[in-house]
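Let's take a friendly walk through this model, from its overall build to its strands and charged pairs. Please keep the structure open as you read.

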Amino acid sequence: MAQSVPPGDIQTQPNAKIVFNAPYDDKHTYHIKVINSSARRIGYGIKTTNMKRLGVDPPCGVLDPKEAVLLAVSCDAFAFGQEDTNNDRITVEWTNTPDGAAKQFRREWFQGDGMVRRKNLLIEYNP
């Protein structure tokens with residue numbers, strides 16, 4: 001794998017946190033934009049600290065240089081104040097795709113000794 005060049009930067013809109021507002025008796029969806037601001041094609045994957053409450057669609061993909069994708073972050077209904085939400089966040093992980101790879105996401109890009117970068121977006125819940 002030609003992974004000698006570290007992955008470049010991505011941008012997210014919003015940059016640091018996602019805010020969900022009460023009431024929490026129904027599903028909420030918040031859209032975030034991920035932009036590949038590097039000069040190389042990247043593969044990205046999204047992880048979340050709470051799989052029961054938080055979901056992301058699409059959870060992974062491939063972005064060409066300067067390409068952007070809109071992700072839907074959903075928060076399922078839950079009992080606000082009765083569950084610990086302090087550590088909720090989503091993490092965007094990305095890595096350069098191998099030279100000549102098809103524009104189709106492959107989990108193995110994140111395994112082995114390839115360089116992977118991460119960016120955390122905190123989840124905030126307003127009562």
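## What counts as a salt bridge

Before we look at any pair, one definition helps: a salt bridge here is a side-chain nitrogen of Lys or Arg within 4 Å of a carboxyl oxygen of Asp or Glu. Please also keep in mind that this is a predicted model.

With that cut-off, the side chains of Glu83 and Arg53 qualify as a salt bridge, because their N-to-O distance is 2.5 Å. Both partners sit in loops: Glu83 in the one between strand E7 (68–75) and E8, and Arg53 in the one between strand E4 (42–48) and strand E5 (54–57). The pair links distant parts of the chain, with the two positions 30 residues apart. Their surroundings can be compared through accessibility: Glu83 is partly exposed at 35% relative accessible area, while Arg53, at 3%, counts as buried.

## The chain as a whole

Which secondary structure elements does the chain hold? There are nine strands and zero helices, so the run of elements from the N terminus is simply β-β-β-β-β-β-β-β-β. Along the principal axes, the C-alpha atoms fill a box of roughly 50 × 25 × 20 Å.

Of the 127 residues in the chain, 40% are buried. The chain exposes about 7100 Å², and carbon and sulfur atoms supply 47% of that area. Among contacts with a separation of 6 or more, 74% join residues 24 or more positions apart.

## The five-stranded sheet

One open sheet takes five strands in the order E2-E9-E8-E4-E6, with mixed pairing. Strand E2 (17–21) and strand E6 (60–63) stand at its edges; each has a single partner strand, so one side of each is left without a neighbour in the sheet. From one strand to the next, the twist averages 20°.

Within this sheet, strand E8 (residues 89–96) and strand E9 (residues 117–126) pair in the antiparallel sense over six bridges. Across that pairing, Glu93 stands opposite Arg118 in E9. As background, strands of a sheet pair through backbone hydrogen bonds, either parallel or antiparallel.

## The four-stranded sheet

The other arrangement to look at is an open sheet of four strands, ordered E1-E3-E7-E5 and paired antiparallel. Strand E1 (10–13) and E5 are the edge strands, and each pairs on one side only. Here the twist averages 25° from one strand to the next.

E1 joins strand E3 (residues 28–36) through four bridges in the antiparallel sense. In this pairing, Ile10 stands opposite Asn36 in E3.

## Salt bridges across the strands

How many salt bridges does a search of the whole structure find? The count is twelve. One of them joins Lys17 and Glu124, whose closest N and O atoms are 2.9 Å apart. This pair connects distant parts of the chain, since Lys17 belongs to strand E2 and Glu124 to strand E9, 107 residues apart. Both ends are partly exposed: Lys17 has a relative accessible area of 40%, and Glu124 has one of 30%.

The cross-strand neighbours Glu93 and Arg118 also form a salt bridge, with 2.7 Å between the closest N and O atoms. Arg118 lies in strand E9 and Glu93 in strand E8, 25 residues apart. Is each partner buried or exposed? Arg118 counts as exposed, at 56% relative accessibility, whereas Glu93 is buried, at 5%. Elsewhere, salt bridges that share partners join Arg41, Asp64, Glu67 and Lys103 into one network.

## Cysteines

How many disulfides does the structure hold? The number is zero. Two cysteines can still be placed by their accessibility: Cys60 is partly exposed, with a relative accessible area of 27%, while Cys75 is buried, at 0%.

Definitions and conventions
Residues are numbered from 1 along each chain as its sequence is written. This is a predicted model: local features need pLDDT of at least 70, side-chain atom pairs count only at pLDDT 80 or more; totals for chains, interfaces and linings use all residues. Side-chain values use heavy atoms; hydrogens and water are left out. Two strands pair if DSSP finds at least two bridges between them. Axes are lines fitted to C-alpha atoms, for helices over the stretch in contact, and angles run from 0 to 180 degrees between N-to-C directions. Buried means under 20% relative accessible area, exposed over 50%, partly exposed in between (1.4 Å probe, protein chains only). A disulfide is a pair of cysteine sulfur atoms within 2.5 Å. Contact means heavy atoms within 4.5 Å. Accessible areas come from the Shrake-Rupley method with a 1.4 Å probe; for residues, only the protein chains shown count as cover.
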